[in-house]
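Take a walk through this model from the overall fold down to single residues. Keep the viewer open as you read.

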Amino acid sequence: MPQSKAKYDNLLLALQEQYAGSEELRSYPIGAVLDPSSVCKLRCPFCVQSCSPPVRTFGLMKMNLFNRIVEEMGRYLFFVQLFNWGEPFMNSHLADMVGLLKGYGVQKVEVSSNLCIEISDSTIHALINEGLDILTVSIDGFTQQSYSKYRVRGELALALSNMERFANAKRELGMTKPLIQWKYLVFSHNEQELKDARKHARRLGVDFRAVAPYVDVVHHPDWLSSIDKYVMDIYKKKADAPEVETVQAAEGIPIPSEKRSTRCDWHYLFTAINSNGSVTPCCGIWQEKDDFGFLDDKAFSEVWNNDMFKTARRYLKNGRHSGENGNVCLKCPAPEIMGYAHSELCSILLNAPRNVLKKARQLLPDHPVVRELGRLNVVINGILKGLRMRR
């Protein structure tokens with residue numbers, strides 16, 4: 001199914017409603033986190049699912065629920081992440097889910113996995129043939145000793161073997177996708193293995209991404225990497241940055257008014273649906289009690305426009321609410337992901353038909369993403385001009 005006019009019409013409507021700060025929406029999200037599984041056999045110490053009891057109920061998304069979600073909103077989606085709280089390969093319907101999304105013209109479907117699970121050749125081939133776009137593999141170490149310090153219960157040899165099998169199968173099938181990217185969380189105990197891991201990634205023909213991880217610095221301060229670029233800014237002591245800002249974020253105190261006026265992407269452009277059918281206000285919300293509704297006997301559009309979402313949108317627009325209790329967005333715990341869809345939006349609009357981009361510029365010249373595209377065009381035109389002059 002080619003990219004339809006309905007997809008781009010919905011995109012423009014969603015951008016208009018976001019910019020206007022609308023409370024009730026006619027548009028659907030253009031991207032989604034659809035979690036196939038909240039189950040995982042590993043017990044990574046900084047993962048919320050390793051808590052006792054677990055923060056989220058363990059379970060697998062049933063295919064009939066997935067079908068219902070995609071039938072309603074698939075024709076509007078540009079990108080989907082098939083992961084969140086657990087290990088996606090625990091769900092035997094994963095390849096079917098990818099195939100259904102690609103059938104609705106979803107441009108980018110991504111799966112993120114630790115690959116520390118037995119996977120059949122038929123599953124690997126099915127995922128590649130169904131059109132999976134990105135496979136992110138989380139392997140943090142190049143010896144079992146360092147790897148298993150974070151990936152508790154994990155088997156490095158199994159994860160590396162599965163990644164190699166995906167790379168080989170892609171070549172054997174003559175496919176250019178999925179992009180296989182090795183995501184390596186850099187801690188103090190595995191930073192000395194970065195060089196060997198990079199070399200192995202080159203041998204396999206997969207991308208390598210070393211990443212600064214979240215660290216529980218209260219209990220594991222020694223886990224922070226000694227390499228500065230692999231330490232998140234929130235852990236760096238700055239002389240001109242008072243510690244109270246970090247304390248406020250940790251305690252869930254409302255974010256400052258200048259940030260509160262931001263139109264959160266999660267309330268207009270992106271959504272997260274858990275394996276049990278609950279709709280979460282964003283992927284940064286851990287507790288089930290903070291979810292905004294269930295798709296048990298409801299259409300997504302009904303939850304998307306319920307009182308919880310409308311209250312959050314109203315509050316983020318003008319900083320006021322009517323004393324509602326229990327709405328986590330009134331004390332946003334994750335303001336850093338409010339612009340979650342920004343880069344995806346830029347990519348979608350840059351690759352959209354010319355009339356769509358023209359219409360976006362006419363309707364929304366002051367939307368942050370449209371302004372960003374204007375700056376990108378200036379840079380790109382400057383580079384092209386320079387290349388022409390060299391000729």
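What follows goes from the whole chain to its core, its cavities, two helices and a few single sites.

The model is predicted. The protein chain holds 14 helices and nine strands. Of its 391 residues, 50% count as buried. Consider the contacts between residues at least 6 apart in sequence: 72% of them join residues at least 24 apart.

Start with the core. In soluble globular proteins, nonpolar side chains tend to be buried together. Here the largest nonpolar core has 113 residues, and L82, F89, M163, F166 and W182 touch the most other members. Helix α6 (residues 156-172) gives the largest share of this core, eight residues. Pick out F166 and look at what surrounds it. Leaving aside residues up to four places away in sequence, F166 touches F89, L115, I119, I124, L127, I128, L135 and I180.

One of those partners deserves a second look. L115 is found in the loop between β3 (108-113) and α4 (121-130). L115 counts as buried because its relative accessible area is 0%. Its backbone stands out too. Most residues other than glycine have a negative phi, and most peptide bonds are trans. Phi of L115 is positive, near 55°, and L115 is not a glycine.

R153 also has a positive phi, of about 80°, and is likewise not a glycine. R153 is in the loop between α5 (144-150) and α6. Is R153 buried or exposed? Its relative accessibility is 55%, so R153 counts as exposed.

Now move to the other end of α6. P178 is in the loop between α6 and β5 (179-185). A cis peptide bond joins K177 and P178, with omega at about 5°.

Next, the empty space. Rolling a probe the size of a water molecule over the atoms shows where empty space is left. The structure holds four cavities of 30 Å³ or more. The largest has a volume of about 130 Å³. Which residues are the closest to its centre? Of the 15 lining residues, they are C264, H267, C282, C329 and C332. The lining divides into 14 nonpolar residues, one polar and no charged.

Stay with C264. C264 lies in the loop between α9 (257-260) and β7. With a relative accessible area of 6%, C264 falls under the 20% cut-off and therefore counts as buried. The contacts of C264 reach across the sequence. Residues up to four places away aside, C264 touches Q18, L316 and M338. I337 is 73 residues away from C264 along the chain, yet their C-alpha atoms are separated by 8.3 Å.

A similar link in space involves K317, which is in helix α11 (residues 307-318). K317 and S22 are 295 residues apart in sequence and 8.5 Å apart in space, C-alpha to C-alpha. K317 counts as partly exposed because its relative accessibility is 40%.

Turn to helix α2 (residues 63-73). Buried there are M63, L65, F66, I69, V70, E72 and M73. What covers these buried residues of α2? The cover includes β1 (31-34), α3 (94-103), β7 (270-273) and α10 (300-304).

Just past this helix comes R75, found in the loop between α2 and β2 (79-81). R75 is partly exposed because its relative accessibility is 33%. Not counting residues up to four places away in sequence, R75 touches S4, K7, V70 and Y104. V70 is one of the buried residues of α2. A6 and R75 are 69 residues apart along the chain, with C-alpha atoms separated by 7.2 Å.

Finish at helix α13 (residues 354-363). V356, L357 and A360 are buried in this helix. They cover an arc of only 95° around the axis, which puts them on the same side of α13. An α-helix has 3.6 residues a turn, so residues three or four places apart point the same way. Which residues are exposed on the other side of α13? They are R354, N355, K358 and Q362.

Terms used. Residues are numbered from 1 along each chain as its sequence is written. This is a predicted model: local features need pLDDT of at least 70, side-chain atom pairs count only at pLDDT 80 or more; totals for chains, interfaces and linings use all residues. Side-chain values use heavy atoms; hydrogens and water are left out. Buried means under 20% relative accessible area, exposed over 50%, partly exposed in between (1.4 Å probe, protein chains only). Helices (H or I, at least four residues) and strands (E, at least two) are DSSP runs, numbered from the N terminus. The arc is that of the directions from the helix axis to the C-beta atoms. On a 1 Å grid over the protein atoms alone, a cavity is a set of points where a 1.4 Å probe fits but cannot get out, and a pocket is an open set with protein on both sides within 12 Å along at least five of seven lines; lining residues have an atom within 4 Å of a point. Grid points are joined across faces, edges and corners, and a volume is the space filled by probe spheres set on the points. Ala, Val, Leu, Ile, Met, Phe, Trp, Tyr, Cys and Pro count as nonpolar, Asp, Glu, Lys and Arg as charged, and the others, Gly among them, as polar. A nonpolar core is a set of buried Ala, Val, Leu, Ile, Met, Phe, Trp, Tyr and Cys residues joined through side-chain atoms within 4.5 Å. Contact means heavy atoms within 4.5 Å.
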